[in-house]
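Student: Please take a close look at the internal cavities of this protein and at what lines them. I would also like the helices around them put into context.

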Amino acid sequence: MSHDTPRFRSHLTLALATILHAFTHAYAVLLVPLYLMVCVDLHLRLVSSVSLIVTIYGLVYSLGSYPAGVMADRFNRKALLGIGLLGNALAILAMGLTRQYEMLIVLGIFAGLFGTIFHPAGNALAPAHYPRSPGMAIGILGMGSGLGFFVGPQFAGWRAQSAAWEWGQIAQWQKPLVELGVMGIVFGVIFLLLAREVRGGREDATDGRGFISGGHPTLGSRLRWRVVAVGLVLMFRDFSAIGSQTLLSLYLQRAWGYDVKRAGFTVGAMMLLGVAANPFFVWMSPGKRRLPMYCLLVMVAGVLVTMVPWFSAAWILPLMCGYQSCQLGSYAVSDAAMLERVPGDVRGRVVGLFLTIAGTFSAMSPFALGYWIDLLKGRAAEQHAYVPLFATLGVMVAASSLATPLIAKLGPVQGPRIEPLSEVMPGTVGVTG
């Protein structure tokens, strides 16, 4: 069997990495529906004080992406992914065991340090298992983001209101952190035992110390600056995507009187279609269709999110489902378009450099939007006071369509040519060459 033909362990590794992806994003949004509960419990005056924890997590997550990308190109990526989840889960568990605001900030930093490992390592490992259909591998891996963004708020809101167990002085808002932290630790061990690194190819062969053998090609100044340019444009889409979760949670609770469980359900449910959107839009857009599809997705997303405060509560979930489906689908499409254009042995650094720029800017969105809503004061209970906030997110995501010519300049698509609508699921016999 050729090295290009995925085997059972490749499929198992992709499935496990997708679930690990879900844990990573679930941890990032666990606090989103709990902002007001945490404010009351910790006697904080501003909701932005709590959204700051999420922002700090995101900032560390993003600022550490390039070093994580260097490690992903040099070390065993399976080991990095497992260690990253274990560290992230332990930090989240510890957040569920302390009610000191300063310690929550410190633990947010530690969670971000371990969480930052996922995308550089995961986005490099998945396509390495499927050299003939790397784009589809990215699409399937991207399903984890929709699953995590769905489960995180849903689980947090549900368990914060319904968890009946008691232990020490743990508050209700902390219980989902404890429970999901323990689950992450268990899954991290399973991942380390069952997943595998790619073997047999020069770029992926590891020596006894865990180093990738065969040299380490540099990015080169031209590729480096082109990735920077892409990041400087796509950061507006990412700001909109991350910020929409904080904005919607507070909008529902302040303007519509939702409780934490209902708000968590809505914030999570709007992400559910993204589970299918990631592989679907990648499958629909092989070859030259990839970048036009990206433009279409972000334009539609911009229109949908702008419309939210103009409609009644019954329309919020359908509009946000459409918005997030396009948003999450655009992530998978742009990731596939970028990684198909760069050699496999620099993908970790490309992802890391991109996230350092786009992720750092987008990580500021929870605090920025929480602070903006704090400034509304009494008007925070009025539906139309949120029109400028949703419109700002709409303009930002639509403007990211300007990244398409920049992505095209990264280089020609690597590997075998894939004809339109012929990209198949990884491992399927008969991939078009």
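Tutor: What follows starts with the whole chain, moves to the cavities, and ends with some side chains on the helices concerned.

The model is predicted. The protein has 19 helices and zero strands. Of its 433 residues, 60% are buried. Among contacts with a separation of 6 or more, 84% are between residues 24 or more positions apart. The protein exposes about 16400 Å², and carbon and sulfur atoms supply 70% of that area.

The count of cavities of 30 Å³ or more comes to four. The largest cavity holds about 670 Å³ of space. Its lining consists of 40 residues, and H25, Y61, H119, I242 and Y331 are the ones that lie nearest the centre. Two or more lining residues come from each of α1 (8-29), α3 (48-63), α7 (118-129), α8 (134-141), α9 (143-162), α11 (221-255), α15 (313-339) and α16 (347-363). Of these elements, α15 gives the most, with seven residues. By residue class, the lining of the largest cavity divides into 21 nonpolar, 17 polar and two charged residues.

The second largest cavity holds about 90 Å³ of space. Y27, A28, L30, L31, I53, V54, Y57, I92, M95, G108, A111 and L177 form its lining. At least two lining residues each are supplied by α1, α3, α5 (77-95) and α6 (101-115). Here the largest share comes from α3, with three residues. The lining of the second largest cavity has eleven nonpolar residues, one polar residue and no charged residue.

Helix α3 gives two or more residues to the lining of the largest cavity, and α3 also supplies at least two to the lining of the second largest. T55 has its place in this helix. T55 counts as buried because its relative accessible area is 4%, and the cut-off for buried is under 20%. Leaving out residues up to four places away in sequence, T55 touches A363, M364, P366 and F367.

Helix α1 likewise gives two or more residues to the lining of the largest cavity and at least two to that of the second largest. One of the residues lining the second largest cavity is Y27, and ring pairs link Y27 with F23 and F187 into a cluster. In the protein, the count of aromatic pairs comes to twelve. One of them joins F23 and F187, whose ring centres are 5.5 Å apart with the planes at 25 degrees, so this pair is stacked. F23 lies in helix α1 and F187 in helix α10 (residues 175-194), so the pair links parts of the chain 164 residues apart. Both F23 and F187 are buried.

A further aromatic pair involves α11 and α16, two of the helices that give two or more residues to the lining of the largest cavity. F236 and F361 form this pair, which is edge-to-face, at 5.4 Å centre to centre and 65 degrees between the planes. F236 lies in α11 and F361 in α16, so the pair ties together parts that are 125 residues apart in sequence. F236 counts as partly exposed because its relative accessibility is 31%. F361 also counts as partly exposed, with a relative accessibility of 21%.

Key
Residues are numbered from 1 along each chain as its sequence is written. This is a predicted model: local features need pLDDT of at least 70, side-chain atom pairs count only at pLDDT 80 or more; totals for chains, interfaces and linings use all residues. Side-chain values use heavy atoms; hydrogens and water are left out. On a 1 Å grid over the protein atoms alone, a cavity is a set of points where a 1.4 Å probe fits but cannot get out, and a pocket is an open set with protein on both sides within 12 Å along at least five of seven lines; lining residues have an atom within 4 Å of a point. Grid points are joined across faces, edges and corners, and a volume is the space filled by probe spheres set on the points. Helices (H or I, at least four residues) and strands (E, at least two) are DSSP runs, numbered from the N terminus. Ala, Val, Leu, Ile, Met, Phe, Trp, Tyr, Cys and Pro count as nonpolar, Asp, Glu, Lys and Arg as charged, and the others, Gly among them, as polar. Buried means under 20% relative accessible area, exposed over 50%, partly exposed in between (1.4 Å probe, protein chains only). Contact means heavy atoms within 4.5 Å. Accessible areas come from the Shrake-Rupley method with a 1.4 Å probe; for residues, only the protein chains shown count as cover. Rings of Phe, Tyr and Trp (its six-membered ring) pair if their centres lie within 6.5 Å; planes under 30 degrees apart count as stacked, over 60 as edge-to-face and the rest as tilted.
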